[in-house]
Amino acid sequence: ERLVESGGGFVQPGGSLTLSCIRSSTVYSVKRMGWYRQAPGKQRELVASITPRGNIASADSVKDRFTISMDDAKTSVSLRLNRLKPEDTAVYYCNQEIKYYKFSYGYVEVWGQGTQVTVPS
């Protein structure tokens, strides 16, 4: 399974970016999609997640700046990053919890390769 991410880059403080993540295949069910990030020397952390019903969870540090969305086909998830700060610098990873077939045992997590977001201080 492939998740293809795009949209990272270098942006000045206060700027904006949109990250996108597309899954290459059709699956039976999607439980949740999300974005994580990992800064140098730090653990990977949840940035935001969304369910097909629209339930959203997000880190307090981004709650009023970043917006997550899922397409109707449940194949892609986007993250709009506004008012970026130097502390947002990290590699951002897309994550999807999916069930391949109706009678699959459960949901599996798949990850993207990561996309770098850099906000200079």
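E97 is tucked away in this predicted model: its relative accessible area is 14%, which makes it buried (under 20% relative accessible area, with over 50% being exposed and anything in between partly exposed; 1.4 Å probe, protein chains only). R32 is buried too, at 15%. The side chains of E97 and R32 meet in a salt bridge, with 2.6 Å from N to O; the term covers a side-chain nitrogen of Lys or Arg within 4 Å of a carboxyl oxygen of Asp or Glu. This pair ties together distant parts of the chain, since E97 lies in strand β9 (residues 90-99) and R32 in strand β4 (residues 29-38), 65 residues apart. Strands here are DSSP runs (E, at least two residues), numbered from the N terminus.

A few words on the ground rules. Residues are numbered from 1 along each chain as its sequence is written. Local features need pLDDT of at least 70 and side-chain atom pairs pLDDT 80 or more, while totals for chains, interfaces and linings use all residues, and side-chain values rest on heavy atoms, with hydrogens and water left out.

Back to the charges: the whole structure has six salt bridges. One of them joins E45 and R37, at 2.7 Å from N to O. Here R37 is buried, at 6% relative accessibility, whereas E45 is partly exposed, at 37%. Another brings D64 and R83 together, at 3.6 Å from N to O. That one also links distant parts of the chain: D64 is in the loop between β6 (56-58) and β7 (66-70), R83 is in the loop between β8 (76-81) and β9, and 19 residues separate them. D64 is exposed at 57%, and R83 is partly exposed at 45%. Shared partners also knit R37, E45, R65 and D88 into one network of salt bridges.

What about the greasy side of things? In soluble globular proteins, nonpolar side chains tend to be buried together. The largest nonpolar core in this model has 29 residues; such a core is a set of buried Ala, Val, Leu, Ile, Met, Phe, Trp, Tyr and Cys residues joined through side-chain atoms within 4.5 Å. W35, V47, F66, V77, L79 and Y92 have the most contacts inside it. Two or more residues come from each of β3 (17-23), β4, β5 (45-50), β7, β8 and β9, and β9 gives the largest share, four residues.

Strand β9 also turns up in strand pairing (at least two DSSP bridges between two strands). It pairs with β11 in the antiparallel sense over three bridges, and A90 has V117 as its bridge partner in β11. On another front, β11 runs parallel to strand β2 (residues 9-10), joined to it by two bridges, with F10 opposite T118. Along β11 (residues 115-118) the side chains alternate: T115 and V117 point to one face and are buried, while Q116 and T118 point to the other and are not.

Finally, the rings. The structure holds two aromatic pairs, meaning rings of Phe, Tyr and Trp (its six-membered ring) with centres within 6.5 Å; planes under 30 degrees apart are stacked, over 60 edge-to-face and the rest tilted. Y100 and Y101 make a tilted pair, 6.3 Å centre to centre with 40° between the planes. Y100 is partly exposed at 29%, and Y101 is exposed at 61%. The charged end of R44 sits over the ring of Y93, 3.7 Å from its centre, and over that of W111, 4.8 Å from its centre; this requires NZ of Lys or CZ of Arg within 6 Å of the ring centre and within 35 degrees of the ring normal.
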